[in-house]
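Thank you all for coming. I would like to walk through one model this morning, going from the loops to the sheet, then to the helix contacts and the cores.

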Amino acid sequence: MAVQRPEPLYQQVYRIVRQRILDGVYKPGEVLSESGIAQQLQVSRTPVREALRQLISERLVTADGPEMAVANPTRDEFIDLYTCRSALEMVVAERAARLATADDVAEMEAALRDAEAAIAGFDHARVHAANTRFHDLLVGCARMPMLSALLDTLRGPILIARRRILADSVDTEREILAEHRALLAAVQAGDAEAAQAAMRRHMANDLGRGLRRYDETPG
């Protein structure tokens with residue numbers, strides 16, 4: 001049996017701060033204070049510093065000299081992100097339609113059921129998590145580690161940007177759920193062309209939703 005080691009303290013801090021960013025507790029553009037976070041979590045500044053470095057590498061946090069802040073993609077950066085993401089997700093959709101197993105489909109269906117229940121309960125954080133899980137499962141169906149790694153390079157700022165898209169709107173969440181269900185139906189049917197078409201619509205709609213939010217709430 002392997003030796004069981006406790007999780008390093010900086011990893012625990014990393015997980016907490018990362019979740020707070022994704023949950024919107026720390027807002028896009030908000031300056032992050034090492035000493036403030038250390039005081040909140042009752043740890044020294046060293047594990048906080050290490051955690052923030054990891055978050056910088058994921059592009060969830062930006063650094064301008066000594067000042068660190070939650071990433072806040074601009075409108076143009078958002079367009080760039082979705083242009084890159086759309087190209088990769090089209091490959092994901094085509095591969096998933098060809099390679100997804102019954103177990104894969106069941107897991108994705110469970111994620112959508114979770115999203116549906118969360119929408120009914122007005123639990124926006126849970127909706128966000130379920131939608132993220134659905135896309136992660138879809139990427140897994142593609143069976144392409146390099147593609148997954150490429151998407152991971154976009155993951156941090158996209159997760160932040162997607163909070164702007166959702167904007168705690170039940171109507172928007174229902175739209176996205178319907179798009180996800182159309183995508184899953186095409187994957188389950190093994191129809192690669194339909195899956196790509198569904199993904200193309202979903203990405204275009206996400207881009208449009210995001211741009212509307214940028215225009216409504218600049219910065």
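Arg59 sits in the loop that connects α3 with β2, and, although Arg59 is not a glycine, its phi is positive, at about 65°. Please keep in mind that what you see is a predicted model, and that the angles and distances I quote are computed from it. With a relative accessible area of 40%, Arg59 is partly exposed.

There is a second residue to set beside it. Arg143, which belongs to the loop between α6 and α7, likewise has a positive phi without being a glycine, with a value near 55°. Arg143 has 39% relative accessibility and therefore counts as partly exposed.

From the loop of Arg59 we can step into the sheet. In what order do the three strands of the open sheet lie? The order is β1-β3-β2, and the pairing is antiparallel. The edges are taken by β1, residues 31-32, and β2, residues 61-64, and because each of these has a single partner strand, one side of each has no neighbour in the sheet. Between β2 and β3, the latter covering residues 67-70, there are four bridges, and the two strands run antiparallel. If you would like one pair to look for on the screen, Ala63 is placed opposite Met68 of β3.

Let me turn to the helix contacts, beginning with α2, residues 34-41, and α3, residues 45-57, whose axes approach to within 9 Å and cross at roughly 115°. This crossing of α2 and α3 is right-handed. On the α2 side the contact is formed by Glu34, Ser35, Ile37 and Ala38, and on the α3 side by Arg45, Val48, Arg49 and Leu52. Sorted by class, the residues in this contact between α2 and α3 are four nonpolar, one polar and three charged.

Staying with α2 for a moment, Gln40 also lies in that helix, and, at 48% relative accessibility, Gln40 counts as partly exposed. Once residues up to four places away in sequence are set aside, Gln40 touches Arg20 and Tyr26. Tyr26 is a residue to remember, since we will meet it again when I come to the cores.

The other helix pair I want to show is α4 with α6, where the axes are 7 Å apart and the packing angle is about 65°. Here the crossing is left-handed. The residues that make the contact are Arg85, Glu89, Val92, Arg95, Ala96 and Leu99 from α4, together with His135, Leu138, Val139 and Cys141 from α6. By class, this contact of α4 with α6 comprises six nonpolar residues, one polar and three charged.

That brings us to the cores. Which residues have the most contacts inside the largest nonpolar core? This core has 44 residues, and the ones with the most contacts inside it are Phe78, Met108, Phe134, Leu138, Leu183, Ala195 and Met199. Two or more residues each come from α4 (75-99), α5 (102-120), α6 (124-141), α7 (145-166), α8 (170-188) and α9 (192-216), and α4 gives the most, with nine. Leu183 is a useful residue on which to centre the view: leaving out residues up to four places away in sequence, Leu183 touches Ala93, Phe134, Leu138, Ala195, Ala198 and Met199. Apart from this core lies another one, of 21 residues, which includes Tyr14, Val17, Tyr26 and Leu55.

I will finish with two residues of α8. Is Glu179, which is found in helix α8, buried or exposed? At 14% relative accessibility Glu179 counts as buried, because the cut-off for that class is under 20%. Apart from its neighbours within four places in sequence, Glu179 is in contact with His202, Asn205 and Arg209. Ala178, which also lies in α8, is by contrast partly exposed, with a relative accessible area of 48%. Although Ala178 and Leu112 are 66 residues apart along the chain, their C-alpha atoms are separated by 9.5 Å.

Definitions and conventions
Residues are numbered from 1 along each chain as its sequence is written. This is a predicted model: local features need pLDDT of at least 70, side-chain atom pairs count only at pLDDT 80 or more; totals for chains, interfaces and linings use all residues. Side-chain values use heavy atoms; hydrogens and water are left out. A nonpolar core is a set of buried Ala, Val, Leu, Ile, Met, Phe, Trp, Tyr and Cys residues joined through side-chain atoms within 4.5 Å. Buried means under 20% relative accessible area, exposed over 50%, partly exposed in between (1.4 Å probe, protein chains only). Contact means heavy atoms within 4.5 Å. Axes are lines fitted to C-alpha atoms, for helices over the stretch in contact, and angles run from 0 to 180 degrees between N-to-C directions. A crossing is left-handed if the near helix is turned anticlockwise from the far one by less than a right angle, and right-handed if clockwise. Ala, Val, Leu, Ile, Met, Phe, Trp, Tyr, Cys and Pro count as nonpolar, Asp, Glu, Lys and Arg as charged, and the others, Gly among them, as polar. Two strands pair if DSSP finds at least two bridges between them.
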